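Please open the structure in a viewer and keep the selection tool at hand. The tour below proceeds stop by stop, stating what to select and what is found there.

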Amino acid sequence: MKKNKELARIFDRIADALEFKGANVFKVVAYRKAARVLDELVEDIEEIHKAGKLQELSGIGAGIAKKIDEYLRTGKMKKYEEATKGIPVSLLDMLDIQNLGPKTLALVNRKLKVKNLSDLKRVIEDGSLAKLPQMGEKKVENIKKGIELYERAQARLSIALAQKIASEVVDYLKRSAKIEEISPAGSLRRWKETIGDIDILATGRDGAKIIKTFTKFPGTERILAAGDTKGSIIVEGGIQVDLRIVPRKSYGSALQYFTGSKAHNVHLRNIAKQKGMKLSEYGLFKGRRFRAGKKEEDIYKALGLDYIPPELREDRGEIEQAQMHKLPKLVEAKDIKGDLHIHSKYSDSNATIEQLARTAEGLGYEYILISDHSRSARYAHGLELKRLYKQWEEIERLNRKFIRIKILKGIEVDILKDGRLDFPDKVLKELDLVIASIHQGFTKSVTERLCSAMDNPYVDIIGHPTGRLISSREGYQVDIHRVIEYAAKTKTWLELNAYWDRLDLNDINLRTARELGVKISIGTDAHSIEGLSWMKFGIATARRGWLEPEDVVNTYSVDRLLKMRKRLRPFFP
Ligand code: DGT
Ligand code: CA
Ligand code: CA
Ligand code: ZN
């Protein structure tokens, strides 16, 4: 699978370089798409290559297939070398900075000899950037904001990547070392949206030997520490992984301690103190007597609390609720009956509706919502009416074929810059469910446009309501609190977009929504078969937002879901 990632990276780099040079948008899009296909591909590209089936991959045209073949045979790709010639890598990395487009980057490179981030910061500080033609204070200010966000994101890693690395380390240790119990801890176990470092906890007889094995993890780039009970390594990408070996009788208390958060732990320790006890990673003690520690549950119980799921441990009131036995009964994976945001090959995905339905059936779902982009989303091959109608025919045909799963007709309709929707009501009313999203005009009266979309009886869901990308984009200029209130008023559902770089709404907003009685719709926004598996990030974020099954419309049967639509429950005066 190593070659999949290498190739994805190479195609992304080609796209970056072409953008930098100001190439035709469509060329750039083709390379980006190839990168995404490879990145999300479940099979090994080398196997596919060997079988001579490169061209059968959807999203991979003849030209790209030829380049993949060249790379797998020779270890080189001429196009890559040609495209990136004369452009330093440090320069291309900077394309991830929000508000700094390829044109501006090329300009500062040419005029001010900027080659990397520290050069760029320098020309901002000394004022020479603002003096360039077409720049000005305002633009520079925006680039500065972009840099801040970029640096913050670089310092933390996405939950998806952290989870992948952690499970590789855990699998490796289970295979190669004598481990009794093992679990991730820290922010990863709490499913925070970004992770500072990866913490893993284990028990086993020979700590030193386990740690030694740990430092030989194939992805290790550097060993920071290797003792009898603690080891620390840096893996690819500069990511730190800590492993702690703890005594069996303290496994629960250590897991509790190292899961955190720090604020939750401090609060919990105070409660122990009030009860005349002492809580540490070694256990809960009364005087010198060991009261609890083998199991995490025992500790909460001994302190008079209900068990608090890791996702809630942020000291946001969960301890008080646990004392009063009033914690929410959080939504779980088994409650989820369907995925409510999926793209198909009709717009910019590489999966057919049939493949999606079959996979979703395997996941045990009762329904899926096919929600491709509408016509104005040109970059994403948005659907003209004619193709939308064709899609309906296909869905109807497939619904006769699939018995266990219902394919719902949907759309992710664009909310245009002027606030109108991309399709008229007479089209929207024919759809089972409608998602309305903003993909353009991020600073143009966003709150008002979202509210006016919610006034439409056929708009069931507002997609990714804040528009943020965790790694790279702050999101719309929007008063999200007003949007949530208006959703409550109009009985519109708000989306929890489960794509790991969105997680939008976030935990805090979800909790506000729940308090105001707004229903949440979880959708993976999958652009591939693989993308359907992102539901887990949605569920975890829902749990971090204190959501119960009733709060999440995906837990309803298809009949109830459709009966709950606001078009059938009029609020309009
Ligand atoms: P991260 O890595 O920044 O995403 O966040 P965490 O929560 O994983 O933090 P980390 O890796 O520094 O420490 C793991 C856990 O260990 C943390 O959640 C709680 C616990 N911990 C670490 N330092 C302290 C401390 O000084 N006091 C207490 N009570 N707990 C601590
Ligand atoms: Ca951590
Ligand atoms: Ca740590
Ligand atoms: Zn969207």
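**First stop: domain 1 and domain 4**

Select domain 1 and domain 4 together; across their interface, the rule finds zero salt bridges. The model in the viewer is a predicted one. Three residue pairs are nevertheless counted in polar contact between domain 1 and domain 4, with both residues at pLDDT 80 or more. On the side of domain 1 that touches domain 4, the elements giving two or more residues are α2 (25–40) and α10 (136–155). Helix α2 supplies the largest share of that side, namely three residues.

The size of an interface is often expressed as the accessible area lost when the parts come together. For domain 1 and domain 4, about 1100 Å² is buried between them, and 48% of it lies on carbon and sulfur atoms.

To place these two parts in the whole chain, colour the model by domain. The assignment gives domain 1 (2–154), domain 2 (158–245), domain 3 (267–323) and domain 4 (333–568). Nine residues from domain 1 and 12 residues from domain 4 take part in the contact. Taken over C-alpha atoms, the centres of domain 1 and domain 4 are separated by 29 Å.

**Second stop: helix α10 and the loop before it**

Select Glu 148, which is found in helix α10. This residue is partly exposed, because its relative accessible area is 48%. Now add Gln 98: the two residues are 50 residues apart in sequence, and their C-alpha atoms are 9.6 Å apart in space.

Next, select Gln 134, in the loop between α9 (128–131) and α10. Most residues other than glycine have a negative phi. Gln 134 is not a glycine, yet its phi is positive, at about 65 degrees. With 69% relative accessibility, Gln 134 counts as exposed.

**Third stop: the calcium ions**

Select the calcium ion (ligand 3). Which residues coordinate the calcium ion (ligand 3)? Asp 197, listed twice through OD, is joined by Asp 199 (OD) and Asp 242 (OD), at 2.3 to 2.8 Å. Along the sequence these donor residues follow the spacing D-x1-D-x42-D.

Add the calcium ion (ligand 2) to the selection. Asp 197 bridges the calcium ion (ligand 3) and the calcium ion (ligand 2), and the two ions lie 3.8 Å apart. Asp 197 counts as partly exposed, at 24% relative accessibility, whereas Asp 199 counts as buried at 11%.

**Fourth stop: a cis peptide bond and a buried leucine**

Select Gly 260 and Ser 261, which are joined by a cis peptide bond with omega near -5 degrees. Ser 261 lies in the loop between α14 (251–259) and α15 (262–274).

Then move to Leu 305, in the loop between α16 (296–302) and α17 (318–323). Is Leu 305 buried or exposed? It counts as buried, because its relative accessibility is 5%. Leaving out residues up to four places away in sequence, Leu 305 touches Leu 268, Tyr 300, Ile 319, Ala 322 and Gln 323. Of these partners, Ile 319 is 14 residues from Leu 305 in sequence, with a C-alpha to C-alpha separation of 7.5 Å.

**Fifth stop: the zinc ion**

Select the zinc ion (ligand 4). Its protein donors are Glu 412 (OE), His 439 (NE2) and His 464 (NE2), which lie 2.1 to 2.2 Å from the ion. The donors are spaced E-x26-H-x24-H along the chain. Glu 412 belongs to strand β13 (residues 406–414), while His 464 is in the loop between β15 (461–462) and α22 (480–490), so this pair ties together parts that are 52 residues apart in sequence. Both Glu 412 and His 464 are buried.

Keep Glu 412 in view and select Ser 371, with which Glu 412 is in contact. Ser 371 is in the loop between β12 (367–370) and α19 (385–401), and it counts as buried, at 0% relative accessibility. Beyond its neighbours within four places in sequence, the contacts of Ser 371 also include His 341, His 343 and Ile 435.

**Last stop: two further backbone features**

Select Ser 445, in the loop between β14 (433–437) and α21 (446–454). Although not a glycine, Ser 445 has a positive phi of about 40 degrees. At 45% relative accessibility, Ser 445 counts as partly exposed.

Finally, select Asp 504 and Leu 505, joined by a cis peptide bond with omega about 5 degrees. Leu 505 lies in the loop between β16 (493–497) and α23 (507–515).

How values were computed. Residues numbered from 1 in each chain as written. Chains lettered and ligands numbered in written order. Predicted model: local features only at pLDDT ≥ 70, side-chain atom pairs only at ≥ 80, totals over all residues. Heavy atoms only, no water. Donors = N, O, S within 2.8 Å, 3.2 Å for Na, K, Ca; no water. Buried < 20%, exposed > 50% of the residue type's maximum accessible area, 1.4 Å probe, protein only. Domains from an automatic or database assignment. Contact = heavy atoms within 4.5 Å. Buried area = accessible area lost by both parts, 1.4 Å probe. Salt bridge = Lys/Arg side-chain N within 4 Å of Asp/Glu carboxyl O. Polar contact = N/O pair within 3.5 Å; in protein donor to acceptor, adjacent residues only side chain to side chain. Helix = DSSP H or I, 4+ residues; strand = E, 2+ residues; numbered from the N terminus.
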